[in-house]
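Please read the points below beside the sequence and the coordinates. They concern the surface and the charged side chains.

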Amino acid sequence: SRSLQVFEETGIPHSEILQQQQQEEGGGPLGGPLKYPHSCILWLHADQAALDERLEKRVDDMLAAGLLDELRDFHRRYNREKVAENRQDYQHGIFQSIGFKEFHEYLVSEGNCPPETSALLLQKGIQALKQVTKRYARRQNKWVRNRFLKRPGPNVPPVYGLEVSDLLRWEEDVLKPALEIVESFIQGREPPAEPVRMECDVHENKRSHRVCEVCDRVIIGDREWAAHTRSKSHLHHLKKRQKLEAAGRAAGSDGDGDNAEPSAEDSVSPSL
């Protein structure tokens, strides 16, 4: 939608504008130059066990706030008819949102099965929601590391980590150091805290251009190329091409067999 809007307003493809921004001074493979030159990132992170416990409590709080009633209403108005016709789709639109498909079995069976079965399906849905919520949080942390620490462009601001595992220490561990960092940036001073170390190779070429003929894409940056060649999409296209090439070779071999010259034995006329 955004790309269509950009083209409508400018007459230039969105991809072309993004490519121009990447090539500007301060730009890189992951985007154009920073809009504001003096920026920093405050990354609030927690110990995994503390984060998991907090996420599970978040799900419990959502249930206490009326999540099931909201799901029932949404299912009744928008999904019950689709389920009856076996055309429900949890891969597109709002139905792919976390918190809906996890309760599918419970919603479709509620009122049509014994209370004990319904209770078990409800607990199954709750546990599934907790698991997928924790997986989503892990993906978010992985994205932060990849975007700002492992594969940063030349315009990535310094990242300052703030520990939020113990909420009782919010003032000491989060609020006070965050204010000191921000005030230092505003006053043009060096912050008292050290930024998180970037996990990148100083020798890698972030502006290298490679063409993936398998996927018909241009990949910018050594690390991006390495990540692309390991991606599911690339491996899928590679496997597909290999199958087509193997089928082509097999067809060629069959054709050669059909057109082969007859052997001496085949050319001898049968005796009468």
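The notes that follow take up a nonpolar patch and then several salt bridges in this predicted model.

1. A nonpolar patch of about 710 Å² lies on the surface, and its members are Leu-42, Leu-44, Leu-167, Trp-170, Leu-175, Leu-179, Val-182 and Ile-186. Two or more residues come from each of β1 (41–45) and α7 (170–187), and α7 gives the most, with five residues.

2. Within this patch, Leu-44 belongs to strand β1. Leu-44 counts as partly exposed because its relative accessibility is 42%.

3. Eleven salt bridges are found in the structure, and one of them joins the side chains of Asp-61 and Lys-57, with an N to O distance of 3.0 Å. These two residues are four apart in helix α3 (residues 48–64), so about one helical turn separates them. Asp-61, with a relative accessible area of 41%, is partly exposed.

4. Arg-169 and Asp-173 also form a salt bridge, in which the closest N and O atoms are 3.0 Å apart. Both partners are partly exposed, Arg-169 with a relative accessible area of 38% and Asp-173 at 21% relative accessibility. Elsewhere, salt bridges with shared partners link Asp-69, Arg-72 and Glu-110 into one network.

5. In the pair formed by Arg-72 and Asp-69, the closest N and O atoms of the salt bridge are 2.9 Å apart. The two residues lie three apart in helix α4 (residues 67–84), which means that about one helical turn separates them. Arg-72 is partly exposed at 27% relative accessibility, whereas Asp-69 counts as exposed at 53%.

Notes: Residues numbered from 1 in each chain as written. Predicted model: local features only at pLDDT ≥ 70, side-chain atom pairs only at ≥ 80, totals over all residues. Heavy atoms only, no water. Patch = residues over 30% accessible without salt bridge, like charges linked within 9 Å, V, L, I, M, F, W, Y side chains within 5 Å. Areas by Shrake-Rupley, 256 points an atom, 1.4 Å probe, with all protein chains shown as cover. Salt bridge = Lys/Arg side-chain N within 4 Å of Asp/Glu carboxyl O. Buried < 20%, exposed > 50% of the residue type's maximum accessible area, 1.4 Å probe, protein only.
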